[in-house]
Amino acid sequence: MSRLTRRILGGLAIFAVVAAILGQFFKADASEQIVGGGRVSIADHPYAVYLVTPEGFQFCGGTLVAPDRVVTAAHCAVAFDPADVRVVAGREDKQGGAGVITAVTGIWVHPDYVDVTRGDDVAVLRLADRLPYRPLPLAGDRTLYTAGTDATILGWGRTTPSGGSSRYLLGAQVPLVSDLECAGDYDSFYASAMVCAGLPQGGVDTCQGDSGGPLVVDGRLVGIASWGEGCAEAGKPGVYTRVAAYADLIAAHV
């Protein structure tokens, strides 16, 4: 039976296992890919960022939407105080020294967020510094969600469901899935709050560690990596927060 994958280790659990898993975390090599994807350049996606603990453990992704604001998933942020999160930007290789690491001075989590399968999985981080990278505009046009539209997924998460995280920024193309089809795939799918993306046969998907990262269509943030059953399984596309449904609320905190 497929298990529900939240694509993130629980907030407190992260701190308990950081020391134990950091060694495995850095074993990923250049041949490993976001499930079914490949390496991409941070220069092409300067808005892609990742979140780390003060110890340096990468646990989620995010999207720079203003020089000092990052959008991520609520489940990536709800367990943390601002002092417990850092944002790494402009860095393609997690073992490299490029880019910047900045502190988080404030966290807004959607007030109705309870669980990823109930929607409202969105948060905004306020950064201590204004970053010199191009932000990604929010989706406001609902026509961007047409089924079959190619979307870009990005992240530094696992490259197989049971494997280690990637050292490098990885990306892939996946088609948006119709709301009707996704409702057939998941009992907990709500079209007002979520959008699905993936191939019917599986094989390409975000995975653990990619949560909070971007789903991009036509140069706009249309989704936030949220949840799914397993990673890249047939008939189980990735589920993303539908950004257009929250665009006004997000903008109020940017």
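**Exercise 1. Handedness and place of a disulfide**

In this predicted model, what is the handedness of the link of cysteine 207 and cysteine 231, and which parts does the pair tie together?

*Solution.*
- Start with the torsion. The value about the S-S bond is 85°, and the link of cysteine 207 and cysteine 231 is right-handed.
- Check the bond. The sulfur atoms of cysteine 207 and cysteine 231 lie 2.1 Å apart and form a disulfide; the cut-off is 2.5 Å.
- Place the ends. Cysteine 207 sits in the loop between S11 and strand S12 (214-217), and cysteine 231 in the loop between S13 and S14, so the pair ties together parts 24 residues apart in sequence.
- Look at exposure. Cysteine 207 and cysteine 231 are both buried.

**Exercise 2. The link of cysteine 60**

Describe the disulfide between cysteine 60 and cysteine 76. Is the link left-handed or right-handed?

*Solution.*
- Take the distance. The S to S separation of cysteine 60 and cysteine 76 is 2.1 Å.
- Take the torsion. It is -80° about the S-S bond, and the link of cysteine 60 and cysteine 76 is left-handed.
- Locate the ends. Cysteine 60 belongs to strand S4 (residues 58-66) and cysteine 76 to helix H2 (residues 74-77), so the link ties together parts 16 residues apart in sequence.
- Apply the burial cut-off, under 20% relative accessible area. Cysteine 60 has 0% relative accessibility and therefore counts as buried. Cysteine 76, at 1%, is buried because its value also falls under the cut-off.

**Exercise 3. Completing the disulfide set**

How many disulfides does a search of the whole structure find, and what is the pairing in sequence order?

*Solution.*
- Count. The search finds three disulfides.
- Add the pair not yet treated. Cysteine 182 and cysteine 196 form a disulfide with sulfur atoms 1.7 Å apart.
- Place that pair. Cysteine 182 is in helix H3 (residues 179-185) and cysteine 196 in strand S11 (residues 194-197), so the bond ties together parts 14 residues apart in sequence.
- Check burial. Cysteine 182 and cysteine 196 are buried.
- Number the bonded cysteines in sequence order. The pairing reads 1-2, 3-4, 5-6.

**Exercise 4. Strand S8 and its partners**

How many bridges join S7 to S8, and how many pair S5 with S8?

*Solution.*
- Take S7. It runs antiparallel to S8, with five bridges between them. Valine 104 has leucine 127 in S8 as its bridge partner.
- Take S5. S5 and S8 pair in the antiparallel sense over four bridges. Arginine 69 stands opposite arginine 126 in S8.
- Check cover. Four of the five residues of S8 are buried, and the strand is mostly covered.

**Exercise 5. Valine 109**

Where is valine 109, and which residues is it in contact with, leaving aside neighbours within four places in sequence?

*Solution.*
- Place the residue. Valine 109 is in strand S7 (residues 100-109).
- List the contacts. They are Ala74, Ala77, Val78, Val122 and Ala123.
- Follow one of them. Valine 122 is 13 residues from valine 109 along the chain, and their C-alpha atoms are separated by 6.4 Å.

**Exercise 6. The buried face of H4**

Which residues of helix H4 are buried, and why do they line one face?

*Solution.*
- Pick out the residues. In H4 (residues 243-251), the buried ones are Val243, Ala244, Tyr246, Ala247 and Ile250.
- Look down the axis. The buried residues of H4 fall within an arc of 155°, so they line one face of the helix.
- Find what they pack against. The partners are strand S5 (69-72), strand S8 (123-127), strand S13 (220-229) and strand S14 (238-242).

Technical notes: Residues numbered from 1 in each chain as written. Predicted model: local features only at pLDDT ≥ 70, side-chain atom pairs only at ≥ 80, totals over all residues. Heavy atoms only, no water. Buried < 20%, exposed > 50% of the residue type's maximum accessible area, 1.4 Å probe, protein only. Helix = DSSP H or I, 4+ residues; strand = E, 2+ residues; numbered from the N terminus. Arc of directions from axis to C-beta. Contact = heavy atoms within 4.5 Å. Pairing = 2+ DSSP bridges.
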